[in-house]
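Got your viewer open and a selection box ready? Here is a walk through one model, stop by stop, with something to click on at each.

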Amino acid sequence: MSIGHTLLGLLESGPRHGYDLKRAFDEKFGHDRPLHYGQVYSTMSRLLKNGLVEVGGVEAGGGPERKRYAITDAGITDVQRWLETPQKPGEYLQSPLYTKVVLALLTRRDAAKILDVQRSEQLRGMRTLTDRKSKGDWADQLICDHALSHLAADLRWLEPTAARLDKLRKAVTR
Amino acid sequence: MTTSPTGSLLAAHDLRKAYGPTRALDGAEFSVHPGEVVAIMGPSGSGKSTLLHCLAGIVPPDSGSITYNGRELTAMSDAQRSALRRSEFGFVFQFGQLVPELTCVENVALPLRLNGSSRKDAERTARGWMARLEVDDLTAKRPGEVSGGQGQRVAVARALVTGPRLLFADEPTGALDSSNGERVMELLTEAARSTNAAVVLVTHETRVAAYSDREVVVRDGRSRDMERAV
Ligand SMILES: Nc1ncnc2c1ncn2[C@@H]1O[C@H](COP(=O)(O)OP(=O)(O)OP(=O)(O)O)[C@@H](O)[C@H]1O
Ligand SMILES: [Mg+2]
């Protein structure tokens with residue numbers, strides 16, 4: 001995720017202090033990984049240097065967290081451009097699970113067991129996310145749904161693969 | 001693999017069931033504890049529904065044992081088994097379980113009426129369950145007048161109205177879109193947990209299975225309990 005663009009976006013609704021920016025970020029985007037203050041300051045000084053934000057005032061006795069940042073026109077343009085650029089679809093052609101399955105087939109090990117254990121692990125993760133989604137607010141629901149869709153997609157590959165391991169073994173060891 | 005894990009509510013050992021040359025169950029193992037939600041997963045035709053029907057005493061297995069609360073299901077008479085189903089089990093299936101001529105509240109109240117409750121008492125309890133499943137505004141409608149998702153919630157309310165200790169559900173969300181399906185699962189598991197009812201849930205949907213505590217995978221009529229396999 002681009003922390004810089006996210007912080008810039010948060011500034012669009014009005015100037016904020018460093019500590020306030022961190023709090024807003026953590027609340028909406030932090031989830032399992034809150035920002036370190038160090039990340040906020042290094043990011044903000046880069047944005048400052050590039051003219052995407054400006055400092056609107058420093059409170060008395062204030063360290064960097066007391067700085068009040070405001071987005072510039074160049075900053076707004078930058079956020080806009082970032083939002084309009086599509087994300088690269090994920091790179092899925094280097095899957096460790098695929099490698100494990102093929103190696104197990106090649107070495108005549110129990111590939112079904114590998115898939116069973118993976119399914120079980122995958123479902124364990126999905127249970128945790130489902131639970132969090134049920135108890136959480138809209139942000140938890142949205143992010144957990146995203147993660148759940150990805151885990152479910154892995155399983156949609158796993159099931160038909162498990163169902164044709166015998167055929168695959170023949171093809172792989174030919 | 002051994003069965004009858006201590007404290008289980010329902011346990012099955014070495015179940016076999018053939019339909020002509022098809023071995024629908026070929027040495028299946030299963031157990032569920034009180035209040036536990038277990039998902040039965042596996043490819044189409046692997047024997048999931050057959051397993052559920054055997055566990056629920058709807059279809060007799062050719063061999064093997066099924067103990068419910070210490071009683072051997074396969075040794076009971078048909079009358080004993082159906083009495084057990086009526087008093088201790090609840091059922092939810094994919095389609096067509098509501099009586100079309102009755103209103104939704106009459107449908108939900110039906111199991112209580114069959115057990116001898118007065119109409120007034122039965123419908124009061126039924127309304128309470130419909131509220132928990134968020135369909136209390138549908139009491140006066142007939143099944144033909146509600147959506148698929150609403151109908152499934154009414155069916156879940158009906159399955160839980162007698163306070164069963166064990167709920168059997170075969171693809172309960174199979175006919176619903178994913179967000180409706182998940183909401184039905186959320187309400188179903190919440191309601192089951194609040195009454196400490198165990199749930200045996202057949203599903204091929206992993207997001208639905210994620211509402212379970214544990215999964216059992218059936219392949220070629222044999223089941224693998226992942227908790228014990230790992
Ligand atoms: N009443 C029946 N008569 C004949 N064969 C049957 C009967 N019920 C099931 N079978 C066969 O037994 C096997 C297991 O069927 P079952 O319905 O248990 O599968 P399933 O895992 O529930 O599949 P699905 O995911 O498609 O519902 C299949 O080969 C099926 O054709
Ligand atoms: Mg089935």
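Which residue just after α3(B) takes a positive phi? Select B:G116: its phi is about 100°. Keep in mind as you go that this is a predicted model.

**Confidence, before you wander**

Colour chain B by pLDDT. The average there is 91, and 95% of the residues score at least 70. For the complex, the predictor reports an ipTM of 0.83 and a pTM of 0.84. Wherever the colouring drops, go easy: where pLDDT is low, the predicted coordinates should not be read in detail.

**Helix α3 of chain B**

Back up from B:G116 into the helix itself, residues 104-114 of chain B. Show side chains for B:C104, B:V105, B:N107, B:V108, B:A109, B:P111 and B:L112, which are the buried residues of this helix. What do they pack against? Add α4 (119-132) and α5 (148-160) of chain B to the display, and you have both partners.

**The loop leading into α3**

Now select B:Q97, in the loop between β6 (89-92) and α3 of chain B. Buried or exposed? B:Q97 counts as buried because its relative accessibility is 13%, under the 20% cut-off. Draw a distance from its side chain to that of B:Q152: a polar contact of 3.1 Å joins the two. Setting aside residues up to four places away in sequence, B:Q97 touches B:Q152 along with B:F91, B:V92, B:A155 and B:R158.

**Two pairs, 62 residues apart**

Go to B:A191 in helix α6 (residues 178-194) of chain B. With a relative accessible area of 5%, B:A191 is buried. Show what surrounds it: beyond four places in sequence, B:A191 touches B:W129, B:R132 and B:L160. Pick the C-alpha atoms of B:A191 and B:W129; these residues are 62 apart along the chain, and the separation is 8.8 Å.

Then try B:G163, in the loop between α5 and β7 (166-170) of chain B. How far apart in space are B:G163 and B:E101, C-alpha to C-alpha? The viewer should give you 25 Å, for a pair that is also 62 residues apart in sequence. B:G163 counts as partly exposed, at 44% relative accessibility.

**Ligand 1**

Time to zoom in on ligand 1. Select its surroundings in chain B: B:Y19, B:T22, B:A24, B:P43, B:S44, B:G45, B:S46, B:G47, B:K48, B:S49 and B:T50. By type, this shell divides into three nonpolar residues, seven polar and one charged. Which elements each supply at least two of its residues? Highlight β2 (22-32) and α1 (48-55) of chain B; α1(B) gives the largest share, three residues.

Next, draw three distances, each from an oxygen atom of the ligand:

- To an N or O atom in the side chain of B:S44, you should read 2.6 Å.
- To a polar backbone atom of B:G45, the value is 2.8 Å.
- To an N or O atom in the side chain of B:S49, expect 2.9 Å.

Now switch on a surface. On its own, ligand 1 has 630 Å² of accessible area, and the protein covers 56% of that.

**Where B:T206 meets chain A**

Move to B:T206, in helix α7 (residues 206-209) of chain B. What is B:T206 in contact with, leaving aside neighbours within four places in sequence? From chain A, you will find A:L123, A:M126, A:A152 and A:L155, and from chain B, B:M41. B:T206 is buried, with a relative accessible area of 9%.

**Two odd phi angles to finish**

Most residues other than glycine have a negative phi. With that in mind, select A:R108, whose phi is near 55°, a positive value. You will land in the loop between α5 (96-106) and α6 (111-135) of chain A. Why does A:R108 count as exposed? Because its relative accessibility is 59%, over the 50% cut-off.

Last click: B:D220. This one also is not a glycine, yet has a positive phi of about 50°. B:D220 is found in the loop between β9 (214-219) and β10 (222-225) of chain B, and counts as exposed at 55% relative accessibility.

Terms used: Residues are numbered from 1 along each chain as its sequence is written. Chains are lettered from A and ligands numbered from 1 in the order in which they are written. This is a predicted model: local features need pLDDT of at least 70, side-chain atom pairs count only at pLDDT 80 or more; totals for chains, interfaces and linings use all residues. Side-chain values use heavy atoms; hydrogens and water are left out. Helices (H or I, at least four residues) and strands (E, at least two) are DSSP runs, numbered from the N terminus. Buried means under 20% relative accessible area, exposed over 50%, partly exposed in between (1.4 Å probe, protein chains only). Contact means heavy atoms within 4.5 Å. A residue is near a molecule or strand if one of its heavy atoms lies within 4 Å of it. A polar contact is a pair of N or O atoms within 3.5 Å; within protein, one must be able to donate a hydrogen and the other to accept it, and residues adjacent in sequence count only if both atoms are side-chain atoms. Accessible areas come from the Shrake-Rupley method with a 1.4 Å probe; for residues, only the protein chains shown count as cover. Ala, Val, Leu, Ile, Met, Phe, Trp, Tyr, Cys and Pro count as nonpolar, Asp, Glu, Lys and Arg as charged, and the others, Gly among them, as polar. pLDDT is the predictor's confidence in each residue, from 0 to 100.
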